[in-house]
Amino acid sequence: MSLEIPEEAGVILLPECTVFPHGALPLHIFEERYRTMLNDALEGDCLFCVGNLVSEEEPSDLAGCVAPVGTIGLIRSSRELPDGRSHLILHGIYRVHFVKWLEPWPYPRARIAPVVTEELPPDERPLFLARLHKTLALVLENFEPAVRSKLQELIDKAAEPEIITDIVAQQFVHDPDVRQILLAEPSLKERITAICDYLRSEMPGAN
């Protein structure tokens, strides 16, 4: 997907919450500030970011309580309820650095910059892809055949290592700290290594 990333965007702040590029995040918008943010996004480019709140929110020091890397996403669907709340699906697009938090705004807003991924060296690509697929095959053994088939189909449709890695992280990595580490890691080699180590550690009998 090719979208022009804005220099600034609204940010929803959620504890222990990450969404990876190519992943989907269902959201229930009820706070007044985020209703305003959603309306602004829907009237504009339909984009806003998700920021992982790592400590109690401090409006005067968002850089100190929000993880420095988040995700900008595209609103895929949005349904407003009679009382003004909304249900929506946000589709992750790109990793972004929160370069500077802007104020005053009625909702959190930041100047952002895309995180550039360090690709796999061509000579190491087959090795790391093979390791990822082998680990994933072991994980899928624990699922029912119908579920395993659908998950494998989803992985098979992803042609690029970065997309495969993000899909696997979105679907199979549940520890919020590990998810944030994977989101912030610029090196694709390190992402694959961390994912494989995590998935193997979570397998029955690993500990």
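## Cores, rings and helices in a predicted model

Q: Which residues does Phe48 touch, not counting residues up to four places away in sequence?
A: Contact means heavy atoms within 4.5 Å. With residues up to four places away in sequence left out, Phe48 touches Gly10, Ile12, Leu27, Met37, Ala41, Thr71, Ile72, Gly73, Ile75, Leu88 and Leu90.

Q: What kind of model is this?
A: Residues are numbered from 1 along each chain as its sequence is written, and side-chain values use heavy atoms, leaving out hydrogens and water. Local features need pLDDT of at least 70, side-chain atom pairs count only at pLDDT 80 or more, and totals for chains, interfaces and linings use all residues, in what is a predicted model.

Q: Which element gives the largest share of the largest nonpolar core?
A: A nonpolar core is a set of buried Ala, Val, Leu, Ile, Met, Phe, Trp, Tyr and Cys residues joined through side-chain atoms within 4.5 Å; buried means under 20% relative accessible area, exposed over 50%, and partly exposed in between (1.4 Å probe, protein chains only). The largest core has 34 residues, and Phe48, Ile72, Phe98 and Ile112 have the most contacts inside it. Elements are DSSP runs numbered from the N terminus (helices H or I, at least four residues; strands E, at least two), and those giving two or more residues include α1 (32-43) and β3 (47-53). The largest share, six residues, comes from β5.

Q: How many residues does the second, separate core have?
A: This core includes Val115, Ala158, Ile192 and Met203. Its residue count is 29.

Q: What kind of aromatic pair do Phe98 and Trp101 form?
A: Rings of Phe, Tyr and Trp (its six-membered ring) pair if their centres lie within 6.5 Å; planes under 30 degrees apart are stacked, over 60 edge-to-face, and the rest tilted. The whole structure holds three aromatic pairs. With 5.1 Å centre to centre and 40° between the planes, Phe98 and Trp101 form a pair that is tilted.

Q: Is Phe172 buried or exposed?
A: The rings of Phe143 and Phe172 have centres 5.9 Å apart and planes at 75°, so the pair is edge-to-face. Phe143 lies in the loop between α3 (125-140) and α4 (145-156), and Phe172 in helix α5, 29 residues apart. Phe143 is partly exposed at 30% relative accessible area. At 8%, Phe172 counts as buried.

Q: How far apart are the axes of α5 and α7?
A: Axes are lines fitted to C-alpha atoms, for helices over the stretch in contact, with angles from 0 to 180 degrees between N-to-C directions. Helices α5 (residues 161-172) and α7 (residues 188-201) pack at about 35°, and their axes are apart by 10 Å.
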